[in-house]
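Load the model in your viewer and keep the selection tool handy. We will go stop by stop, and each stop tells you what to pick and what you will find there.

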Amino acid sequence: MNKERLDKILEEHKKWWETDGREGKQADLRGADLREADLRGAYLRSADLSGANLVDADLRNAELSHAILRYTDLMAADLRDARLVCADMRGTDLMFADLRNAELSNASLMFANLRRTDLRHANLFGASLYHADLCRAGLTGTKLTAADLRGADLSGVTTEGDVTL
């Protein structure tokens, strides 16, 4: 997807959100090819990015709360300081992604691939990590209070310092 088209979609989406749907249009980026896209600070609250390819995308400080990210490929994406509160990330591939200081409270990460993901100081309060693969993920300082870790693979995780459970 070219930058001009993406910028227009983002502009319309923000207008849609700010006017409670009276103006603009909700972003529908299902299956979009957004590899290596620069989405720093993008406002994608409640957007549908299901099945999108966001490999190596820069999503630092992006607002993705309540977004639908089911089966999205976010491998090696930069999501530092991103807001993903209540995001639907079931089956998402986040292998090698950087989620340091990300806000993921109450997010659904069931069956997600979080292998070698950097989650240092992320907030996963109340998140569902049911059967998620967290093998060798960095969890130093991560808040996991009330998170559902049933069936999650936590083998080899790094937890230097505090991890709040």
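Where is Ser50 found? Select Ser50 and you are in the segment after α1; helices here are DSSP runs of H or I with at least four residues, strands are E runs of at least two, and both are numbered from the N terminus.

Before moving on, two notes on the ground rules. Residues are numbered from 1 along each chain as its sequence is written. This is a predicted model, in which local features need pLDDT of at least 70 and side-chain atom pairs count only at pLDDT 80 or more, while totals for chains, interfaces and linings use all residues, and side-chain values use heavy atoms, with hydrogens and water left out.

**Stop 1: around Ser50**

Ser50 counts as buried, at 16% relative accessibility. The terms work like this: buried is under 20% relative accessible area, exposed is over 50%, and partly exposed lies in between, using a 1.4 Å probe and protein chains only. Now show what Ser50 is in contact with: Leu29, Arg30, Gly31, Ile68, Leu69, Arg70 and Thr72, leaving aside neighbours within four places in sequence. Contact means heavy atoms within 4.5 Å.

**Stop 2: across to Ile68**

One of those partners of Ser50 is Ile68, so select it next. Ile68 is also in the segment after α1, and at 25% relative accessibility it counts as partly exposed. Leaving aside neighbours within four places, Ile68 is in contact with Ala47, Asp48, Leu49, Ser50 and Asp88. Try a distance label from Ile68 to Arg35: the two are 33 residues apart in sequence and 18 Å apart in space, C-alpha to C-alpha.

**Stop 3: two backbone angles**

Pick His66, in the segment after α1. Its phi is near 65°, a positive value in a residue other than glycine. His66 is partly exposed, with 37% relative accessibility. Then pick Asn61, again in the segment after α1, where phi is near 60°, also positive in a residue that is not glycine.

**Stop 4: the nonpolar core**

Which residues touch the most other members of the largest nonpolar core? Select Leu79, Leu84 and Leu104; the core has 49 residues. A nonpolar core is a set of buried Ala, Val, Leu, Ile, Met, Phe, Trp, Tyr and Cys residues joined through side-chain atoms within 4.5 Å. In soluble globular proteins, nonpolar side chains tend to be buried together. Stay on Leu79 and display its contacts: not counting residues up to four places away, Leu79 touches Leu59, Leu64, Leu74, Leu84, Leu94, Asp98, Leu99, Arg100 and Ala102.

**Stop 5: Ser105 and Ala122**

Is Ser105 buried or exposed? Ser105 is buried, with a relative accessible area of 11%. Beyond its neighbours within four places, Ser105 is in contact with Leu84, Val85, Cys86, Asn123, Leu124 and Phe125.

Next select Ala122, which is buried with a relative accessible area of 1%. Ala122 touches Leu99, Asn101, Ala102, Leu104, Gly141, Thr142 and Lys143, not counting residues up to four places away. Draw a line from Ala122 to Lys25: 97 residues apart in sequence, they sit 31 Å apart, C-alpha to C-alpha.

**Stop 6: Arg116**

Arg116 is partly exposed, with a relative accessible area of 42%. Leaving aside neighbours within four places, Arg116 is in contact with Phe96, Cys135, Arg136 and Ala137. Its C-alpha is 23 Å from that of Asp38, with the two positions 78 residues apart in sequence numbering.

**Stop 7: zoom out**

Show the whole chain. The secondary structure comes to 1 helix and 0 strands. The radius of gyration is 15 Å, close to the 15 Å that the globule rule gives for 165 residues, so the chain is as compact as a globular protein of that length. The radius is taken over C-alpha atoms, and the rule is 2.2 Å times the number of residues to the power 0.38. Along the principal axes, the C-alpha atoms fill a box of roughly 45 × 30 × 25 Å. Colour by burial, and buried residues make up 48% of the 165. Among contacts with a separation of 6 or more, residues 24 or more positions apart account for 6%.
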